[in-house]
Amino acid sequence: ALPISPPLLSFSLTVSCEFSNIQLAALVIIPSHPPTQFIHPFPTLKETGRESTAMPAYLTVVAILIAAVASVASAAGYHNYTVGGPAGWFFNRTTNTSATNYSAWAAPTTFNLGDYLIFNTNTNQTVVQTYNATTYGSCTVDDAADNDTLIFDSGAANFSEPQTIAVPLTKVGPNYFFSDAEDGAQCQQGMRFEIKVNEGSGLPPSLNQPPPPPYAPPPAAEPPPVFQSSGGGQGESLRNGGERQAHGGVGAPLIWSGLLGLGLIV
């Protein structure tokens with residue numbers, strides 16, 4: 001009879017890499033009670049004249065798989081991309097051209113939810129993000145809707161003041177970027193590009209927040225209350241005077257009636 005191998009403990013390991021579209025899969029088999037030498041019906045290493053043990057080989061396989069998983073997991077994280085590379089996000093007014101071809105810069109890159117676009121620029125350019133192809137094509141935000149176009153500003157107030165603007169990618173699908181400075185002339189001369197945002201690992205918790213509530217105007221101010229004096233002021237004097245006039249008007253007929261009854265008035 002053939003010798004029986006000890007019980008085996010096995011598990012499978014699968015890792016997906018969104019960036020390279022590669023899937024790594026492996027089946028790891030480890031003896032639950034590893035012997036010093038694995039017994040099987042085929043000639044062993046010892047029988048062929050070479051001494052060895054089974055466990056170091058399994059540990060080597062596991063170590064290789066762990067290293068592969070770590071490298072794939074690191075590739076699946078979130079990334080920051082500097083728009084235009086070293087050229088940054090600039091427009092040359094002298095040559096009336098953009099600093100680089102931004103569409104060519106974006107073309108070979110895979111963008112995912114949670115990534116950031118970093119615009120190294122200054123206040124002579126603007127950063128507009130829109131999901132509306134019509135707004136992108138017009139190079140202006142004049143007719144843009146509130147829910148599909150964002151204008152980013154670092155708060156700088158002076159011309160040519162350096163600024164760095166970080167734009168998170170939070171929506172799957174086409175995302176458009178352009179500068180609408182100089183009434184859209186910069187956009188028309190190349191300061192724009194389009195990217196496609198993939199699902200990737202999804203939004204990180206820091207960006208997966210509910211939208212803020214819609215703006216509600218504050219209630220209209222109420223008119224100030226009107227106070228009347230109760231300490232014998234003008235209003236009180238008029239009221240008391242009216243009562244005195246009323247009492248006088250009722251008392252006169254009674255007096256005349258009493259005099260007639262006494263025969264004092266004929």
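How many bridges join β11 to β12, and do they run parallel or antiparallel? I looked this up first and found six bridges, with the two strands running antiparallel. I note at the outset that the model is predicted.

**Entry 1. The chain as a whole.**
I counted the secondary structure of the chain as five helices and 12 strands. Of its 266 residues, 26% count as buried. I then took the contacts between residues at least 6 apart in sequence, and 67% of these join residues at least 24 apart.

**Entry 2. Strand β12 and its partners.**
I returned to β12, which spans residues 192-198. I checked one position of its pairing with β11, where Y176 has E194 in β12 as its bridge partner. β12 also pairs with β6, through two bridges and in the parallel sense. There, F111 has V197 in β12 as its bridge partner.

Which residues of β12 lie on the covered face, and which on the uncovered one? I recorded F193, I195 and V197 on the covered face. R192, E194, K196 and N198 make up the uncovered face. The two bridge partners I had noted thus fall on opposite faces, V197 on the covered one and E194 on the uncovered one.

**Entry 3. N112 in β6.**
I looked next at N112, which lies in strand β6, residues 111-112. N112 counts as buried because its relative accessible area is 4%, under the 20% cut-off. A polar atom of the N112 side chain lies 3.4 Å from the backbone nitrogen of G200.

**Entry 4. The nonpolar cores.**
Which residues touch the most other members of the largest nonpolar core? This core has 20 residues, and I found that L117, F119, F193 and I195 hold that position. The elements α2 (102-106), β7, β10 and β12 each supply at least two residues of the core. Apart from it lies another core, of seven residues, with V128, Y136, V141 and F178 among them.

I listed the contacts of F119, leaving out residues up to four places away in sequence. F119 touches V83, W89, V127, Q163, T164, I165, V167, F177 and F193.

**Entry 5. Aromatic pairs.**
I counted 11 aromatic pairs. Why does the pair F177 and F193 count as stacked? The ring centres are 5.2 Å apart and the planes stand at 15°, under the 30 degrees set for stacking, so the pair is stacked. The pair links distant parts of the chain, with F177 in strand β11 (residues 173-178) and F193 in strand β12, 16 residues apart. Both F177 and F193 are buried. I also traced a cluster linked by ring pairs, consisting of Y81, W89, Y102, W105, F111, F119, F177 and F193.

**Entry 6. The sheet β3-β7-β10.**
I followed three strands that form an open sheet in the order β3-β7-β10, with mixed pairing. β3 (80-82) and β10 stand at the edges with a single partner strand each, so one side of each has no neighbour in the sheet. The twist averages 25° from one strand to the next. I examined the pairing of β3 with β7 (residues 116-122), which is parallel and has three bridges. T82 has I118 in β7 as its bridge partner.

**Entry 7. Q163 in β10.**
Is Q163 buried or exposed? I found 9% relative accessibility, so Q163 counts as buried. Q163 lies in β10, residues 162-168. Its side chain makes a polar contact with the side chain of S154 at 2.4 Å. Beyond residues up to four places away in sequence, Q163 touches F119, N120, T121, N122, T123, Q125, D153, S154 and A156.

**Entry 8. T130 in β8.**
I closed with T130, which lies in strand β8, residues 127-130. T130 is buried, its relative accessible area being 0%. The T130 side chain reaches the backbone nitrogen of N132 at 3.0 Å. Leaving out residues up to four places away in sequence, I listed its contacts as T135, Y136, D148, T149, N175, Y176 and F178. Of these, Y136 and F178 also belong to the core of seven residues. The C-alpha atoms of T130 and I151 are separated by 8.6 Å, and the two residues are 21 apart along the chain.

Key: Residues numbered from 1 in each chain as written. Predicted model: local features only at pLDDT ≥ 70, side-chain atom pairs only at ≥ 80, totals over all residues. Heavy atoms only, no water. Helix = DSSP H or I, 4+ residues; strand = E, 2+ residues; numbered from the N terminus. Buried < 20%, exposed > 50% of the residue type's maximum accessible area, 1.4 Å probe, protein only. Polar contact = N/O pair within 3.5 Å; in protein donor to acceptor, adjacent residues only side chain to side chain. Contact = heavy atoms within 4.5 Å. Pairing = 2+ DSSP bridges. Axes fitted to C-alpha atoms, helices over the stretch in contact; angles between N-to-C directions. Core = buried A, V, L, I, M, F, W, Y, C linked by side-chain atoms within 4.5 Å. Phe/Tyr/Trp six-rings, centres within 6.5 Å; stacked < 30°, edge-to-face > 60°.
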